[in-house]
Structures are given as structure tokens and as C-alpha cells.
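This report describes selected local features of one protein chain. The reader is invited to keep the sequence and the structure in view while following the text.

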Amino acid sequence: MMEKNTSEGPACSSEETASESAKVPTAEPPGEVAVSESTREEQVPKPQAPDPQAPTASTATKPAPPSEDVPSAPLLLTLEDVSSSSVTVSWEPPERLGRLGLQGYVLELCREGASEWVPVSARPMMVTQQTVRNLALGDKFLLRVSAVSSAGAGPPAMLDQPIHIRENIEAPKIRVPRHLRQTYIRQVGETVNLQIPFQGKPKPQATWTHNGHALDSQRVSMRTGDQDSILFIRSARRSDSGRYELTVRVEDLEAKAVIDILVIEKPGPPSSIRLLDVWGCNAALQWTPPQDTGNTELLGYTVQKADKKTGQWFTVLERYHPTTCTISDLIIGNSYSFRVFSENLCGLSTSATVTKELAHIQKADIAAKPKGFIERDFSEAPSFTQPLADHTSTPGYSTQLFCSACCALGWWGQPKIIWMKNKMEIQGNPKYRALSEQGVCTLEIRKPSPFDSGVYTCKAINVLGEASVDCRLEVKGESLRMGEQE
């Protein structure tokens with residue numbers, strides 16, 4: 001089968017070839033053809049469509065060769081690819097190659113409005129796929145291909161529809177910045193400057209709407225470039241809040257993005273406040289929400305109090321959500337005023353609502369009745385909260401035994417601690433050192449040997465009783481361990 005590749009050759013005539021080589025200095029590989037400017041400069045267009053079977057001037061003077069000598073028309077002429085500057089077509093060899101054999105194929109081009117077919121290569125090409133390059137945007141033309149033998153060219157195969165060279169269409173896409181994917185909040189008077197990047201080919205057309213209506217050009221300005229669109233508001237107002245929709249169109253394709261903008265300001269103070277009740281060192285307040293929340297939700301209320309004597313305000317509650325509260329720990333004999341601020345994302349309201357009445361904390365006639373002191377006896381018998389634990393030690397390494405004793409202190413002082421080994425007291429033996437601190441009893445055995453193995457007892461004694469705990473200490477020597485291994 002004939003091999004498919006692309007080639008590019010010179011234009012139709014020698015003059016056109018010279019002019020094209022002057023414009024494109026680089027040599028073009030075989031299999032691809034470049035359309036020269038001379039092929040675009042046609043004569044006066046004729047109204048009739050080109051006839052693929054019309055004979056040229058050269059063939060009109062020569063007798064027609066026998067049908068057996070010329071090949072038949074190529075098969076399956078297909079448009080493979082169309083870009084902004086090139087066209088690629090392919091075809092299959094004809095069913096009949098002719099008695100004299102096939103010399104190649106001639107690809108011809110006829111521009112819209114012209115009647116002359118111009119070959120795109122100077123000689124027949126033995127390929128079944130060709131790419132025509134260096135086309136201009138807006139070109140519209142027909143393509144046909146003929147098989148050629150030494151007897152002449154056979155009937156052509158032509159595309160059904162003309163080819164229109166246009167810029168490649170890339171579907172529009174809008175890339176909304178991350179911080180604009182949620183509600184974009186600005187304060188009254190601040191600048192709104194949104195830059196939304198997009199992509200698409202050819203250059204997309206961008207339009208903005210505000211709540212479904214066109215933008216107010218006196219308030220909002222818009223600038224659209226090749227890759228982004230900018231929405232600008234010099235001084236934001238609360239009326240600028242709402243849903244802004246950006247639509248980017250490329251011919252019949254479009255992409256949309258929605259950006260929610262919220263313009264806020266400080267809220268107004270609570271509508272009213274009153275003192276509900278005063279009892280003891282407490283005062284109950286109630287107020288009504290503000291009429292203007294600043295175009296956003298309230299974060300809460302800030303409640304403050306002021307003593308009549310000093311007149312200084314102190315914050316009692318911050319970001320408090322209910323509209324009633326009880327203020328405690330007021331000083332007896334003082335009179336208090338209260339005020340409440342509203343708060344949102346912009347901060348506290350400019351002013352506060354103040355109670356008209358003072359809360360008087362009255363002095364109550366309270367007589368102190370002290371009760372007699374009753375002395376309690378906390379004495380108790382000793383006990384152990386942490387017993388001794390069995391322990392295994394290595395000869396030559398000092399070891400310690402621990403336990404915890406509990407005994408309430410009285411006039412008799414700390415309980416007496418006695419350490420014993422195998423029921424025999426070991427007090428005064430320099431091999432042992434006994435310590436007792438904060439109820440923790442410790443017995444240190446210096447460099448024990450297998451002969452120090454046995455049952456150790458710790459006994460606590462006071463006038464109310466005694467308590468004891470036991471443990472077993474085992475000191476393993478090298479000989480004993482070797483015997484166990486055997």
C-alpha cells in the first residue's frame with residue numbers, strides 16, 4: 001500500500017516559486033506544500049462554480065488518451081485536519097491505475113469566486129496525504145486530487161464542501177480566584193477591584209450583570225482584556241451588594257461565573273433598653289435588636305456598666321447573643337447605669353443605648369450570727385495506701401523497697417516506722433538505710449547478695465493501732481542463674 005506522509009513543495013509557476021522563496025527563506029520538507037501569495041491574487045471572480053471535469057488549455061489541444069491508459073479517480077478523499085494556517089487531506093489509491101502505471105497525484109486548489117484550478121505542487125507526488133500550509137485566515141476554497149500516469153491525468157476526486165480557514169476555536173473557561181468563591185465582603189467606602197482571568201480563542205466577549213440587570217456605568221466600570229476582565233467600584237455602597245455574573249462567549253460557546261459581593265457597615269444601637277429588676281447585688285436588663293444591622297448578621301451585643309460615683313464604663317459581657325441578661329456582683333450602696341452596643345463584622349455600633357433609670361444596690365440590715373467553733377478529732381490508726389511489691393534484684397546493685405502509709409497527725413506526731421527481715425528488726429544495720437518523708441517509706445539495701453533474699457516487712461505504729469505490709473525480695477546470683485539455665 002502507498003505510504004502516507006506529508007510534503008510541501010513550491011507554488012504553481014516559476015515566478016510564483018521565486019516570490020514565495022523570497023518570503024519564506026527556509027526550505028520546506030517534501031510532502032507538504034505552501035500556498036504562495038500569487039495563488040491568492042486571482043483574476044476577476046466568475047459567478048459560475050468550477051467544473052472538476054473541465055479540461056485545461058493544454059489538454060484541449062491534445063487528443064484525449066484512451067480510458068485504459070489513464071487511472072481512475074482516487075477514492076475516499078477525506079479532510080483530515082484544518083488549522084488556522086494549514087489543511088491536511090488524504091485519499092486512497094484509485095481502483096484502476098491504467099496500463100502505463102501510476103506516476104503520482106496532483107492536488108489542486110480553487111478559491112471561492114474563481115474558476116481556475118491551481119496545482120499546489122509543481123509535480124505529481126507519490127503520496128496519499130498532503131498538507132497545504134501558509135494559508136491566510138478567511139481563505140475559502142475547494143480541493144480536488146487526480147491520479148496521473150504518463151498518458152495524462154485521470155478524473156479528479158473533489159471534496160463536497162468548501163474549506164474555510166478560521167482561527168481555532170477554544171471553548172471559553174473562567175478561573176475564579178479562590179477568595180472569590182465565597183461571598184466577597186467589603187465595607188462601605190472601600191474599593192472593589194475584581195480581576196477574573198479567563199481563556200478562549202478567538203478573543204472572547206465578556207459581559208457583566210448585577211442581579212440579572214446591566215451594570216450601572218456611573219457606579220461600576222469594567223475593562224476586558226485578552227485574558228481577564230476587571231470589575232471596579234471606586235467607593236462601594238450597600239446598594240452595590242448582590243450577585244454579579246460574568247459571561248464569556250466565543251461564538252456559540254459560553255462560560256459563566258457568579259460572584260457574590262456584600263457591602264456592609266457598622267450596625268445601629270439597640271432600639272430600646274430598660275431595667276427589669278434589681279435585687280440584692282443583681283440587676284436584670286432587657287433590650288430590643290437594632291433596626292439597622294449594617295447589611296449583615298450581628299455577632300452579638302456588648303454590655304457595660306458604670307458606677308454613678310466614678311462614671312467609668314466597664315465591659316460586663318462581650319458578643320452576647322440574647323436580648324436579656326442579669327448582671328451580678330454589684331457593690332452594695334452604689335448606683336449603676338448600663339448601656340448596650342451592637343456588633344457585626346465591622347465592629348461595635350457608633351453609639352450605645354443607655355438605661356434611663358439607675359440601679360440602686362441597697363444596704364440590707366444583716367446581723368452576723370457566728371456559730372461556735374466545734375473542734376473535731378482527726379486522729380486515726382495508721383494504714384498503708386500503697387503496699388510493698390515483690391522484687392527481684394541483681395547482686396552488687398543497690399535496690400529500694402517502697403510503700404505509702406497514711407495517718408492523721410495529732411499531738412502524738414508521726415507514726416513510728418519499723419522495718420523487719422524475716423520477722424527480725426534490722427534497725428541500726430549499716431547495710432540498710434530507712435527513710436520516711438510525706439508518708440512515703442523507703443528501705444535501701446546496699447549492694448545486696450543472695451543472702452539478703454527473704455521476706456521484708458514495714459510496720460507503722462501509733463497509740464491508736466498499727467499496720468504492716470510484706471514483700472519478698474529475691475537476689476539471684478550468677479551461680480543460681482547458671483543452674484537454672486542447666
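A residue is called buried when its relative accessible area is under 20%, exposed when that area is over 50%, and partly exposed in between. The model discussed here is predicted.

**Burial and surroundings of S337**

S337 has a relative accessible area of 17% and is therefore buried, since the limit for a buried residue is under 20%. S337 belongs to strand 25, which covers residues 335-344. Apart from neighbours within four places in sequence, the residues in contact with S337 are Q304, K305, A306, W313, T355 and L358.

**K140 at the start of strand 7**

Strand 7 comprises residues 140-149, and K140 is part of this strand. With a relative accessible area of 31%, K140 is partly exposed. When residues up to four places away in sequence are not counted, K140 touches R111, E112, P162, I163 and H164. K140 can also be related to R166: 26 residues separate the two in sequence, and their C-alpha atoms are 9.3 Å apart in space.

**An open sheet**

Strands 20, 21 and 24 form an open sheet of 3 strands in the order 20-21-24, with antiparallel pairing. Strand 20 (273-279) and strand 24 (324-327) are the edge strands, and each of them pairs on one side only. From one strand to the next, the twist averages 20°. Strand 20 and strand 21 (residues 282-287) run antiparallel and are joined by 6 bridges. R274 stands opposite Q286, which lies in strand 21.

**Backbone features in loops**

Two residues that are not glycine have a positive phi, namely N134 and K423. N134 is located in the loop between strand 6 (129-133) and strand 7. K423 is located in the loop between strand 32 (416-421) and strand 33 (424-425). The table sets out their values.

| Residue | Phi | Relative accessible area | Class |
|---|---|---|---|
| N134 | near 60° | 31% | partly exposed |
| K423 | about 70° | 61% | exposed |

The class of K423 follows from its relative accessible area of 61%, because exposed means over 50%. N134, at 31%, is partly exposed.

A further backbone feature concerns a proline. Which form does the peptide bond from K201 to P202 take, cis or trans? This bond is cis, with omega near -10°. P202 is placed in the loop between strand 13 (192-201) and strand 14 (205-210).

Terms used:
Residues are numbered from 1 along each chain as its sequence is written. This is a predicted model: local features need pLDDT of at least 70, side-chain atom pairs count only at pLDDT 80 or more; totals for chains, interfaces and linings use all residues. Side-chain values use heavy atoms; hydrogens and water are left out. Helices (H or I, at least four residues) and strands (E, at least two) are DSSP runs, numbered from the N terminus. Buried means under 20% relative accessible area, exposed over 50%, partly exposed in between (1.4 Å probe, protein chains only). Contact means heavy atoms within 4.5 Å. Two strands pair if DSSP finds at least two bridges between them. Axes are lines fitted to C-alpha atoms, for helices over the stretch in contact, and angles run from 0 to 180 degrees between N-to-C directions.
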